[in-house]
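I opened this structure to see how a few of its helices and loops sit together. My notes follow in the order I looked things up.

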Amino acid sequence: MRPGRSCPLSYRYAPAALAKQPALRADTLYVIGGLYGNRQALDWIEARAAREPGNVLLVFNGDFHWFDVDHGNFNKINALINKHPALRGNVETEIAGDDGTAGCGCGYPDFVSDAEVERSNRIIERLRETARAYPAARAKLRALPARLVADVAGVRVGIVHGDAESLAGWGFSQEALREPAQLAKAAAWFDAADARVFASSHSCLPVMQAFETPRGRCLLANNGAAGMPNFGGTRHGIISRIARAAAPDALYGTRIEGVHVEALPVHYDHLTFEREFLASWPAGSAAHASYYRRVVDGPAYQPVDAVRLQAIATA
């Protein structure tokens, strides 16, 4: 076991585990991955959802904790998340237990530096110390599922944190999906899971990738991060919105069987978030070294890198 790079076997599952009756049904579904303890982003998302017509459902697909080592923020995030369906990400899985052999449980691939991995392991150790003060909350995190299936206007959506085979898998990352072999593997997951759309996060950068499969056009919507900027020069997060009707404020999107799948910007209160981030993670801390420049400037990544809607024929 290499902490931060290797994951326990308990993280694994078969794509066929998603080929079951949907547990959730909605006219509008928000899939919110990588909130990372950003309470301001959560406030914005709930306010935006309240303006939607019809049956609106918010699903948090993991890593809603991360920067919130402050006890007040940790409890506020828990209280708000408990109102909605949620999955365990690797962060929640690791802080719910005391076995630190997996480190952060991120399953980082080789292109992520050892220094980045080591810092993430230090972040999870500090967050676990906060979580230990709340045994009931940790028990709830342990009980969360690793995957869910939703129905939006007859379109089946497989909701995962990582990919279709692992809670911390990188098979739906924008880097992996540049490789033809991984594109073919990912396309086969739609058939095995009986899904037309997969919604994921985990890999921290968004990508919307279309596939041409035997069951028709399918789509991966990886929202990147709800609680941090995803593109250079921006200060908003992104969530995946899957709905009968289009959103006027979507950044980009497409349709699958008449259902709109879109990237929705999360215009949270940046100045308050930055102030709270620095109060917990000042210069010299692990999270500051890994994330502060992204928090204020965004990553070296642009929408043209994320939007891949020309369907890839893989069969």
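I started with Thr-130 and asked whether it is buried or exposed. Thr-130 has 5% relative accessibility, so it counts as buried (buried means under 20% relative accessible area, exposed over 50%, partly exposed in between, with a 1.4 Å probe and protein chains only). Before going on, I noted that this is a predicted model, in which local features need pLDDT of at least 70, side-chain atom pairs count only at pLDDT 80 or more, and totals for chains, interfaces and linings use all residues. Residues are numbered from 1 along each chain as its sequence is written, and side-chain values use heavy atoms, with hydrogens and water left out.

Thr-130 lies in helix H4, residues 114–131 (helices are DSSP runs of H or I with at least four residues, strands are E runs of at least two, and both are numbered from the N terminus). I then looked up its partners. Not counting residues up to four places away in sequence, Thr-130 touches Asp-68, Val-69, His-71 and Phe-74 (contact means heavy atoms within 4.5 Å). With Val-69 I found a short distance to record: a polar atom of the Thr-130 side chain lies 2.7 Å from the backbone oxygen of Val-69.

Next I followed H4 to helix H8, residues 286–297. Their axes come within 8 Å and cross at roughly 115 degrees (axes are lines fitted to C-alpha atoms, for helices over the stretch in contact, and angles run from 0 to 180 degrees between N-to-C directions). H4 passes H8 in a left-handed crossing (the near helix is turned anticlockwise from the far one by less than a right angle; clockwise would be right-handed). On the H4 side I listed Glu-116, Arg-119, Ser-120, Arg-122 and Ile-123. They meet Ala-286, Ala-287, Ala-289, Ser-290 and Tyr-291 of H8. I sorted the residues of this contact into five nonpolar, two polar and three charged (Ala, Val, Leu, Ile, Met, Phe, Trp, Tyr, Cys and Pro count as nonpolar, Asp, Glu, Lys and Arg as charged, and the others, Gly among them, as polar).

How many residues of H8 are buried? I found nine of the twelve, so H8 is largely enclosed by the rest of the structure. Among them are His-288, Tyr-292 and Arg-294. The buried residues of H8 pack against H4 and helix H7 (270–280). Just after H8, Gly-298 takes a positive phi of about 80 degrees.

I turned to another helix pair. H1 (residues 39–49) and H2 (residues 71–81) pack at about 25 degrees, with axes 10 Å apart. They are therefore roughly parallel (angles under 35 degrees count as such, over 145 as roughly antiparallel, 65 to 115 as roughly perpendicular and the rest as oblique). H1, too, passes its partner H2 in a left-handed crossing. Arg-39, Leu-42, Asp-43 and Glu-46 of H1 make the contact with Asn-73, Lys-76, Ile-77, Leu-80 and Ile-81 of H2. I counted four nonpolar, one polar and four charged residues there.

Last, I checked two loop residues. Gly-169 sits between strand E6 (155–160) and helix H6 (180–193), and counts as buried at 12% relative accessibility. Asp-194 is in the loop between H6 and strand E7 (197–200), and is partly exposed at 31%. Leaving aside neighbours within four places in sequence, Asp-194 is in contact with Ala-19, Arg-156 and Arg-215.

Notes: A polar contact is a pair of N or O atoms within 3.5 Å; within protein, one must be able to donate a hydrogen and the other to accept it, and residues adjacent in sequence count only if both atoms are side-chain atoms.
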